[in-house]
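I opened my notebook to get to know this structure piece by piece. Come along and look over my shoulder.

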Amino acid sequence: MENTFKKRTKKGFGIIAVLIVVIVFFSIMSSNFLTLSNMRTILLQVSSTCVCSLGMMFVLVTGGIDLSVGYMASAAGMLSAFCMTTANMNGAAAFLVTLLFALVIGAIQGILIAKIKVPPFIVTMAFMNGLKGFSYLITSGRAIYDLPDFVRGIGQGTVLGIPLPVLIMVILIIITSFFTRKIYVGRYFYAVGSNEEAARLAGINSDAVKIATYMLSSFFAYLAGIIMMGRLATASPNSGDGFEFDVITACVLGGVSMSGGKGKVYQAVVGAIIIAALNNGMIQLHIDTYVQLVIKGLILLLAVVFDCLQQNRKQKVKLAA
C-alpha cells in the first residue's frame with residue numbers, strides 16, 4: 001500500500017511539476033504571461049478543452065479513441081445556432097435538439113464499435129469527416145452571428161465574479177470526479193479497459209459500457225461546443241478544427257493511458273491546463289502557427305512514447321514475477 005501511494009504521489013507531482021515549468025518558462029519569456037488578466041484568459045481558454053477532455057478520458061480509459069469530438073463541438077454550435085436563428089426555436093428547445101443529436105451520434109459510434117467490432121479509430125474518423133461536412137452544409141459554410149444575448153452570456157457572463165465557462169468546468173470536474181471515485185458504476189469503465197473478458201465474466205455488460213462511453217464523449221463535446229459558441233458569440237463550422245488534437249494531447253500528457261484501464265480526472269484537467277498555457281504562451285511569443293503545430297505534435301508523441309515505455313516496463317515486471 002505504501003509503495004502504491006508513493007507511486008501515485010510521484011506521478012501526481014510529476015505532471016504538476018511540468019505545469020510549473022511551463023508557467024515559469026513563459027513568465028520569464030513574456031512579462032504579460034503571469035498577469036491576472038492573462039490568467040483569466042487562460043482559464044477561459046481551458047474551459048472548453050477541459051470539458052471535452054473529461055469525455056475523452058472515459059474513452060481512453062476503456063481502451064478506445066474518439067477523433068470526432070472536434071467537429072462534434074462545431075456541429076453542436078452550428079445546429080443549436082441554426083435552430084435558434086433559422087428554425088425560430090427558443091434556446092431550451094434548440095439546445096435539447098442538439099443534445100439529442102449528440103447523444104444519437106455517440107450511441108451509433110458506440111454500437112458500431114461494441115457490437116460490430118469496427119475499430120474505434122475508423123468509426124470516429126468517419127464521423128469526424130461526416131460531422132465536418134454537416135457543419136459546413138447546414139449553412140453552406142457560413143458562420144452564424146446573430147445569436148440571442150443569452151448565448152453570449154454562457155461564454156462571457158460571470159457569477160459572483162467567476163466567469164461562467166470556468167464555473168461550468170469546475171462543476172463538471174467535481175461531478176465527474178465523484179462519479180469515477182464514489183459511484184460503483186463509474187468503476188465499470190476502468191474494468192472494461194483493464195481486461196474486457198474479466199469484466200464480462202464479472203457480470204459487467206462491456207458492450208453497454210462502451211456505448212455509454214461514446215455517448216458521454218459526445219455529450220462533453222456538445223457542452224464544449226456550446227461554451228465555444230458562447231465565448232465567440234458566433235457559431236462557426238470550423239470552430240472545432242484541430243480541437244480533438246488538443247483534447248487527446250491533454251489527456252495523454254496528463255497521464256491517462258492510451259492502453260486503457262488507467263486515468264484520473266485530475267490528470268485530464270492538469271493536462272488541459274498545460275495545453276492552454278502552451279497555446280497562450282506561444283501566441284504571446286509570436287511563434288508561427290505551423291511551428292506551434294510541430295511543437296504540439298512532438299509533445300503528443302513524447303507523451304505516448306512515455307506511456308508505452310511505462311506499459312512495457314509493467315509488462316516485463318509481471319512476466320518476471
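**Entry 1: the nonpolar core**

I began with the largest nonpolar core, which has 87 residues; Val51, Met56, Met57, Met229 and Leu278 are the ones that touch the most other members. I then asked which helix gives the largest share of this core. That is helix 2, with 13 residues. A reminder to myself: I am reading a predicted model here.

I picked leucine 278 from that group and looked up what surrounds it. Not counting residues up to four places away in sequence, leucine 278 touches Val22, Phe26 and Ile299.

**Entry 2: the cavity**

Next I went looking for enclosed space. Rolling a probe the size of a water molecule over the atoms shows where empty space is left. How many cavities of 30 Å³ or more does a search of the whole structure find? The search finds one. I noted about 40 Å³ of space in the largest cavity.

I copied down its lining with care: Ser74, Gly77, Met78, Gly225, Met228, Met229, Leu232, Thr234, Ala235, Ser236 and Ser239. Met229 was already in my notes as one of the core residues with the most contacts to other members. Helix 3, residues 69-85, and helix 10, residues 206-232, each bring at least two residues to this lining. Helix 10 gives the most, namely four. Sorted by class, I have five nonpolar and six polar residues here, and no charged ones.

**Entry 3: serine 74**

From the cavity lining I chose serine 74, which sits in helix 3. Is serine 74 buried or exposed? Serine 74 counts as buried because its relative accessibility is 1%, and the cut-off for buried is under 20%. Leaving aside neighbours within four places in sequence, I listed its contacts as Ser135, Ser236, Pro237, Asn238, Ser239, Gly240 and Asp241. Ser236 and Ser239 also appear in the lining of the largest cavity.

**Entry 4: cysteine 83**

I stayed in helix 3 and moved on to cysteine 83. Its relative accessible area is 5%, so cysteine 83 is buried too. Beyond its neighbours within four places in sequence, cysteine 83 is in contact with Asn88, Met89, Ala94 and Val97. I also checked the C-alpha distance from cysteine 83 to threonine 98: the two are 8.7 Å apart in space and 15 residues apart in sequence.

**Entry 5: a pocket**

Then I turned to open space. The second largest pocket holds about 690 Å³. Helix 2 (36-61), helix 10, helix 11 (243-254), helix 12 (265-284) and helix 13 (289-320) are the elements that give two or more residues to its lining. Helix 12 has the largest share, with five residues.

I counted 23 lining residues, and those nearest the centre of the pocket are Asp241, Phe243, Asp246, Asn279 and Lys296. I had met Asp241 before, as a contact of serine 74. The classes in this lining are nine nonpolar, ten polar and four charged.

**Entry 6: threonine 180**

My last stop was threonine 180, in helix 7, which runs over residues 164-182. With 3% relative accessibility, threonine 180 counts as buried. Which backbone oxygen does its side chain reach? The answer is that of serine 177, at 3.1 Å. Outside its neighbours within four places in sequence, I wrote down Met57, Phe58, Gly186, Arg187, Tyr190 and Val265 as contacts of threonine 180. Met57 took me back to my opening entry, where it is among the core residues that touch the most other members.

Methods. Residues numbered from 1 in each chain as written. Predicted model: local features only at pLDDT ≥ 70, side-chain atom pairs only at ≥ 80, totals over all residues. Heavy atoms only, no water. Buried < 20%, exposed > 50% of the residue type's maximum accessible area, 1.4 Å probe, protein only. Polar contact = N/O pair within 3.5 Å; in protein donor to acceptor, adjacent residues only side chain to side chain. Contact = heavy atoms within 4.5 Å. 1 Å grid on protein atoms, 1.4 Å probe; cavity = no way out; pocket = protein on both sides within 12 Å on 5 of 7 lines; lining within 4 Å. Points joined across faces, edges and corners; volume = space filled by probe spheres on them. Nonpolar A, V, L, I, M, F, W, Y, C, P; charged D, E, K, R; others polar. Core = buried A, V, L, I, M, F, W, Y, C linked by side-chain atoms within 4.5 Å.
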